[in-house]
Amino acid sequence: MQNDSQLGTSRQKWMAVLAKAYWSDLEPLWQSIPVNSKCDLLRKPETGLVMVRGRMGGSGQPFNTGEATVTRCSVENSSGLKGHAYVIGRNKRHALAAAEIDAGLQDENTHETLMEQIIQPLERLASKRHEKHRRKVAATKVDFFTLVRGEDE
């Protein structure tokens, strides 16, 4: 398995994939995995609000743009590994699944299986959606150009 610094980077990536995944994509993958071990709830799935902050132009002064609904969950698997998840929205099953998968991904016995059967398929689906959206946006692109008039020279 990876050392601590590599695990941190990898964990950030897989947690982002799980949090951004569509539940309709994640649920069948989660239910089909053979390593779905029983986890104890440390923090049952609960829904609350977080403040969303923004910046004008990405570099201006931060300001509050509004609130977003978030569901969080924390679990501990039979190996003593703790999994955590925060997902946008109110889907408690999504938060529970993401937390259980996070715990499983930290275990070297189940890491590769979960990467191959859950994380990589979710990344491919997200990539396909992104590419479809990019093509749709590109189809509406307008190229503006400037005409030089004779008397402006």
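Which residue in β3 does R72 stand opposite? In this predicted model, R72 stands opposite Y86 of β3. The protein comprises four helices and three strands, and from the N terminus its elements follow the order α-α-β-β-β-α-α. The points below treat the overall fold, the sheet, residue S74, the helices and the salt bridges.

**Overall fold**

- Of the 153 residues in the protein, 29% count as buried.
- The accessible surface amounts to about 10600 Å², and 51% of this area belongs to carbon and sulfur atoms.
- Among contacts with a separation of 6 or more, 55% are made by residues 24 or more positions apart.

**The sheet**

- The three strands make up an open sheet with antiparallel pairing, in the order β1-β2-β3.
- Strands β1 (39-55) and β3 (82-88) are at the edges, and each has a single partner strand, so one side of each lacks a neighbour in the sheet.
- On average, neighbouring strands of this sheet are turned by 25° against each other, with direction ignored.
- Strands β2 and β3 run antiparallel and are joined by seven bridges.
- Helix α3 (residues 92-105) packs on the sheet and touches β1, β2 and β3. The direction of α3 makes about 145° with that of β3.
- The hairpin of β2 and β3 has four residues between the strands, and G80 in this hairpin adopts a positive phi near 85°.
- Side chains alternate along β3: G83, A85 and V87 point to one face and are buried. K82, H84, Y86 and I88 point to the other face and are not buried.

**Residue S74**

- S74 is located in strand β2, which covers residues 62-77.
- The bridge partner of S74 in β3 is H84, a residue whose side chain belongs to the face of β3 that is not buried.
- Is S74 buried or exposed? S74 counts as buried because its relative accessibility is 5%, and the cut-off for burial is under 20%.
- Beyond its neighbours within four places in sequence, S74 is in contact with D40, L41, L42, R43, G83 and H84.
- R43, one of these contacts of S74, also takes part in a salt bridge with E46.

**Helix α2**

- Helix α2 spans residues 23-32, and W23, D25, L26, L29 and W30 are buried in it.
- Why do the buried residues of α2 line one face of the helix? Seen down the helix axis, they fall within an arc of 150°, and they therefore line one face.

**Salt bridges**

- The whole structure contains eight salt bridges.
- One of the pairs is R11 with D102, whose closest N and O atoms are 2.6 Å apart.
- This pair links distant parts of the chain, with R11 in helix α1 (residues 4-20) and D102 in helix α3, 91 residues apart.
- D102 counts as buried, because its relative accessibility is 0%. Its helix, α3, is the one that packs on the sheet.
- The side chains of E131 and R134 also form a salt bridge, at 2.6 Å from N to O.
- What separates E131 from R134 along the chain? Both lie in helix α4 (residues 111-138), and because they are three residues apart, about one helical turn lies between them.
- In general, an α-helix has 3.6 residues a turn, so residues three or four places apart point the same way.
- E131 is partly exposed, with a relative accessible area of 29%, and R134 counts as partly exposed at 41% relative accessibility.
- Salt bridges with shared partners join R43, E46 and R72 into one network.
- Within this network, the side chains of R43 and E46 meet at 3.7 Å, N to O.
- R43 is partly exposed, with a relative accessible area of 32%, and E46 is likewise partly exposed, with 30%.
- R72, the network member named at the outset, is the residue that stands opposite Y86 in β3.

Notes:
Residues are numbered from 1 along each chain as its sequence is written. This is a predicted model: local features need pLDDT of at least 70, side-chain atom pairs count only at pLDDT 80 or more; totals for chains, interfaces and linings use all residues. Side-chain values use heavy atoms; hydrogens and water are left out. Helices (H or I, at least four residues) and strands (E, at least two) are DSSP runs, numbered from the N terminus. Buried means under 20% relative accessible area, exposed over 50%, partly exposed in between (1.4 Å probe, protein chains only). Contact means heavy atoms within 4.5 Å. Accessible areas come from the Shrake-Rupley method with a 1.4 Å probe; for residues, only the protein chains shown count as cover. Two strands pair if DSSP finds at least two bridges between them. Axes are lines fitted to C-alpha atoms, for helices over the stretch in contact, and angles run from 0 to 180 degrees between N-to-C directions. The arc is that of the directions from the helix axis to the C-beta atoms. A salt bridge is a side-chain nitrogen of Lys or Arg within 4 Å of a carboxyl oxygen of Asp or Glu.
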